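Colleague: Please take me through one part of this model in close detail, the second largest pocket and its surroundings. After that, carry on to the charged pairs and the backbone points worth a look.

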Amino acid sequence: MNENRAKSRIAELEQIIVGLSAENLRLRAQIDERNERRITFTALLEEWLNVWRMKVRPNTYSGYAFLTNKHIIPYFISKNVFVSELTAKDIEQFYSYKISDGMSINTVLHIHAIIRCCLNYAIKHDYISCNVAYKVEKPKKQIFSSSTLSIDELNALIEQSKNTQIYLPIQLAIQLGLRRSEALGLRWCDVDLNRNKITVQHTIVQLWNTDTCKDEILCSNNTKNKSSMRTLSISPNLACMLAAVKASRNPDNTDYICIMHRGTVIKPNYLDKEFRKIVRKTTSKHIRFHDLRHSCATYLHEELGYDIKDIQEYLGHSTISTTANIYTHFSNKKFDIMANDINNSIAI
């Protein structure tokens, strides 16, 4: 009886040993597989960029690729750190180095978004089990304060830009609040001069091609967001100006409205460069072309009294908070009105 029990116990132990051996082999295989999948952080960034290229718009990818290849990879490539060994401290030291080297806080935050997204990709593909970017102490975002021009300043800018090749896009940005890409992308097929309407549905952007290492122009039927695709009414004065421009054009020329004298489209970088020249002759303010859009929004709100919701739709913002927080600015004129109201209400 005891002998049978002993044999049975031995059989059970043999089964346990076999099971442990199988589990040991399985664990060793997992370890070997994990070791084979060890990848450096810089190699991961390159892999992620190649995948992300198919998921986002070309101009978005161009921005990601520029920051990654210009800043992130050059810093980490000499450190040869594996992504599984990357720590929050490594990333924080990288940010401190870039800030001390003159990089703006907001650019660092853009880079942080890239690193966080890349490490999420690494989790999805079993390179790592947690994203250390979420543990990083990020620098505080800098609140951007843009400049706007008064009506007199806008008229002076328009006068200074007459007889230049960027007069039309300046008018479109001031009167319609168009983005640079929208103004340059406007075509005659988007304009209905019989009904005084234009449809914003085509854009032109300039981006850096990481393959050719050259700037290239991207023409697209995609706007910044769904709300950006909109139909606007144009003033009779603007309609007359556009009609005169169209009548003076060679019918065989490009369909784009904003073109150079030789008939080619105006490049965004050229527009910015020529705009800065005009601004220097007009005002001491630091004004970008995009600030004409800010000025349009502020003028519509403060001078003409239009509701923020109406301005949101006019400018093609996806959320009303963007319009309220960024594109309208509290002017000194309103402070004067407040002071007068207080003066008439409070006795001294």
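Modeller: What follows starts at the pocket and then moves outward along the chain. Keep in mind that this is a predicted model.

The second largest pocket first. It holds about 330 Å³ of space. Its lining counts 16 residues, and those closest to the centre are Ile 174, Gln 175, Tyr 299, Leu 300 and Leu 304. Four elements give two or more residues to this lining: helix H6 (151-161), helix H7 (167-176), H11 and helix H12 (308-315). By residue class, the lining divides into 11 nonpolar, four polar and one charged.

Take Tyr 299 next. Tyr 299 sits in helix H11, which covers residues 291-303. Is Tyr 299 buried or exposed? Neither label fits: Tyr 299 has a relative accessible area of 31%, so it counts as partly exposed. Tyr 299 also belongs to a nonpolar surface patch. Its fellow members there are Ile 151, Leu 304 and Tyr 306, and the patch comes to about 350 Å². Tyr 299 and Leu 304 therefore appear twice, in the patch and among the residues closest to the pocket centre. The cut-off matters here: patch members need over 30% relative accessible area. Tyr 299 has 31%.

Gln 175 is another of the residues closest to the pocket centre. Gln 175 belongs to helix H7. Its relative accessible area is 30%, so Gln 175 is partly exposed. Gln 175 also comes within reach of a remote stretch of sequence. Ser 235 is 60 residues away along the chain, yet the two C-alpha atoms are 8.5 Å apart.

Now the charged pairs. Side chains of opposite charge can pair when their charged atoms come close. The structure holds 10 salt bridges. One of them joins Arg 180 to Asp 272, with N to O at 2.4 Å. This pair links distant parts of the chain, 92 residues apart. Arg 180 is in helix H8 (residues 180-185), and Asp 272 is in helix H10 (residues 268-282). Arg 180 is partly exposed, because its relative accessible area is 29%.

Helix H10 also carries Lys 273. Lys 273 is partly exposed, at a relative accessible area of 41%. The C-alpha atoms of Lys 273 and Phe 289 are separated by 9.7 Å, with their positions 16 residues apart along the chain.

A second bridge joins Arg 38 and Glu 85, whose closest N and O atoms are 3.2 Å apart. Here too the partners come from distant parts of the chain, 47 residues apart. Both lie in loops. Arg 38 is between helix H1 (2-36) and helix H2 (41-52). Glu 85 is between helix H3 (58-77) and helix H4 (88-100). Arg 38 is partly exposed at 34%, and Glu 85 is partly exposed at 43%.

Thr 60 lies in helix H3. Thr 60 has a relative accessible area of 30%, so it is partly exposed. Thr 60 pairs up in space with Leu 207: 147 residues apart in sequence, 9.1 Å from C-alpha to C-alpha.

A third bridge runs between Arg 195 and Asp 192, with the closest N and O atoms 3.4 Å apart. Arg 195 is exposed, because its relative accessibility is 53%. Asp 192 is partly exposed at 25%. Elsewhere, salt bridges that share partners join Arg 179, Glu 182 and Arg 230 into one network.

Last, the backbone. Most residues other than glycine have a negative phi. Asn 196 is not a glycine, but its phi is positive, about 55°. Asn 196 is in the loop between strand S1 (191-192) and strand S2 (197-200). Asn 196 is partly exposed, with a relative accessible area of 22%. The cut-off for buried is under 20%, so 22% falls outside that class.

Asp 126 also has a positive phi without being a glycine, about 65°. Asp 126 is placed in the loop between helix H5 (105-124) and H6. Which class does Asp 126 fall in, buried or exposed? Asp 126 counts as exposed, because its relative accessibility is 51%. Helix H6, which follows that loop, is one of the elements that line the second largest pocket.

Key:
Residues are numbered from 1 along each chain as its sequence is written. This is a predicted model: local features need pLDDT of at least 70, side-chain atom pairs count only at pLDDT 80 or more; totals for chains, interfaces and linings use all residues. Side-chain values use heavy atoms; hydrogens and water are left out. Patches are made of residues with over 30% relative accessible area and no salt bridge: like charges are joined within 9 Å, nonpolar side chains (Val, Leu, Ile, Met, Phe, Trp, Tyr) within 5 Å. Accessible areas come from the Shrake-Rupley method with a 1.4 Å probe; for residues, only the protein chains shown count as cover. A salt bridge is a side-chain nitrogen of Lys or Arg within 4 Å of a carboxyl oxygen of Asp or Glu. Buried means under 20% relative accessible area, exposed over 50%, partly exposed in between (1.4 Å probe, protein chains only). On a 1 Å grid over the protein atoms alone, a cavity is a set of points where a 1.4 Å probe fits but cannot get out, and a pocket is an open set with protein on both sides within 12 Å along at least five of seven lines; lining residues have an atom within 4 Å of a point. Grid points are joined across faces, edges and corners, and a volume is the space filled by probe spheres set on the points. Ala, Val, Leu, Ile, Met, Phe, Trp, Tyr, Cys and Pro count as nonpolar, Asp, Glu, Lys and Arg as charged, and the others, Gly among them, as polar.
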